[in-house]
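This briefing is meant for a reader who is meeting the structure for the first time. Please look over the sequence and the model below before turning to the notes that follow.

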Amino acid sequence: MGRDAAQQDGQVHDEGGSAPVRQGPDGQTSSQTSGRESGRDSDDEFEPDRAAQNEQAEPSEQVEPSQQEEPNEQEGPAPTALPLIEPPRLRTGEDRSASRLELFFDLAYVLVVAELTGAFARDLTWGGAAVFAGLFTVIWWSWVTTTLYSNRFDTNDVPYRLAKLGQTFAIAMMAAAASTATTTGSVWFAAGYLVSQILLLALYARAYRHVPDARRTLSIYMGATGFGVLLWSVSLAVPGPARYILWGVGILVEATAPLLATRFGEHVPLHEEHLPERFGLFAMLVLGECVASVVVGLHDTEWRLASFTTAGIGFVITAALWWTYFDLGGAAGKHRLLEDDRPASGRHDRYVYGHLPLFIGLAAVGIGIEEYILHPSGALTTAGRFTLCAGVGLFLTGLVLVMAGTAARWSAAWPWPTVALPVVAAVSLLPLSPTLTALGLALVLAATVVVGSWKQQHGHIATTEP
């Protein structure tokens, strides 16, 4: 019955039954795809061959193979451009890392740290050391305040980028005036800091509008930043030491903001992975000054054997500091942050503040290495001789504060690395030449790395690094 129905429609099948053909008036047949099989009985239904559908009798319906569009299954959705305006939001729960803009922002701090260390190297006195420590604290805090905002609310839209770039230029102003910040360049140094903090205040005001869940915390930061801006503005009109007193009070007021926000805010968390990454980048920035000191010292001494030997020892000291921070002590602090799920615990605050002596110590190490290379046999001032030893001591002190602070117990930094501190002090008091003093410090730090690595491998120091 199925074949009779097909003949009534003017169609016949070849003996294989693989393709339908139409019988024309002259008795010839042509290939044809038919979709009218639905009306047949179920016993006689069949599926038309797919290949026959591409061989239409009508030439106008044929498509050249080269013109056929093959679907590309690997193509994903078309990329969308980032919005130009994206209001701030709390981003502590997102998977993110340091942005390219943050890395560009850090370049200005490379310059300002270099200027401060250069100024201290030209005034290796106890007064010069005090000025260096004070100005370094100012520029470090300007970096911290911006980092804390970006950690929570950075959306990388145009308003944020413009503010961040404006801050970068303001820090460049501070770098240009850093070497004369206590003399003829103090107004410009203060102006650079003011511009940076005013832009930060505007960013906080914008976040206050768009993130209602964090307004109490934002109010604390805005109040402290605004009062600091007021004091620094007044300092422009005050001559002499009073200007620097206002600077110091302003920094102290601003530095209370994170502590007050932890105590009285909405417990707005920080991004636990972004924060240690940013501090690690700043540590790398300052370590770069130590490497630069080796290079400058070798160049200026024209490769003399004694200086070359001291330069090699200085590089060992730098490498040991890098190893101790990134693989051991700093990594232990990072581990504590990542495992802490209590925004009000205060571990983040102790982690931040503990880095101040650590970073000052790294910068002082760079100055000390260069001085030791230039004067491997002596001819150093008392402050110049103690700069390297004090730098190593401050670094270890900061490391102890970071480890103990993030663990909320002093025993986390005992005995490692605390026991290295009195050994460093003893080396600094021995009547040795600069080269031998540097060698003693290198041996102490190498032992610190070996012991710390052993404790890490045996589970006594928990870190995020393998």
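Cys290 counts as buried, because its relative accessibility is 0% and the cut-off for burial is under 20%. The model is a predicted one, and the notes below take up its cysteines, a threonine in a helix, two cis peptide bonds and two residues with positive phi.

**Cysteines**

- Cys389, like Cys290, counts as buried, and the relative accessible area of Cys389 is 4%.
- A disulfide is a covalent bond between the sulfur atoms of two cysteines. With a disulfide taken as a pair of cysteine sulfur atoms within 2.5 Å, the count for this model comes to zero.

**A buried threonine in helix α4**

- Thr145 has its place in helix α4, and because its relative accessible area is 7%, which is under 20%, this residue is classed as buried.
- Once the neighbours within four places in sequence are set aside, the residues in contact with Thr145 are Gln197, Leu200, Tyr204 and Glu254.

**Cis peptide bonds between α12 and α13**

- Trp414 and Pro415 are joined by a cis peptide bond, for which omega is about 0°, and Pro415 lies in the loop that runs between α12 (382-407) and α13 (420-429).
- The peptide bond from Trp416 to Pro417 is also cis, with omega near 0°, and Pro417 likewise lies in the loop between α12 and α13.

**Positive phi outside glycine**

- Asn156 is not a glycine, and yet its phi is positive, at about 60°; the residue is found in the loop between α4 (126-153) and α5 (158-177).
- Because the relative accessibility of Asn156 is 24%, which falls between the 20% and 50% cut-offs, this residue counts as partly exposed.
- Trp303, which is not a glycine either, has a positive phi of about 65°, and its place is in the loop between α9 (274-300) and α10 (305-339).
- Is Trp303 buried or exposed? Trp303 is exposed, because its relative accessible area is 59% and the cut-off for this class is over 50%.

Key
Residues numbered from 1 in each chain as written. Predicted model: local features only at pLDDT ≥ 70, side-chain atom pairs only at ≥ 80, totals over all residues. Heavy atoms only, no water. Helix = DSSP H or I, 4+ residues; strand = E, 2+ residues; numbered from the N terminus. Buried < 20%, exposed > 50% of the residue type's maximum accessible area, 1.4 Å probe, protein only. Contact = heavy atoms within 4.5 Å.
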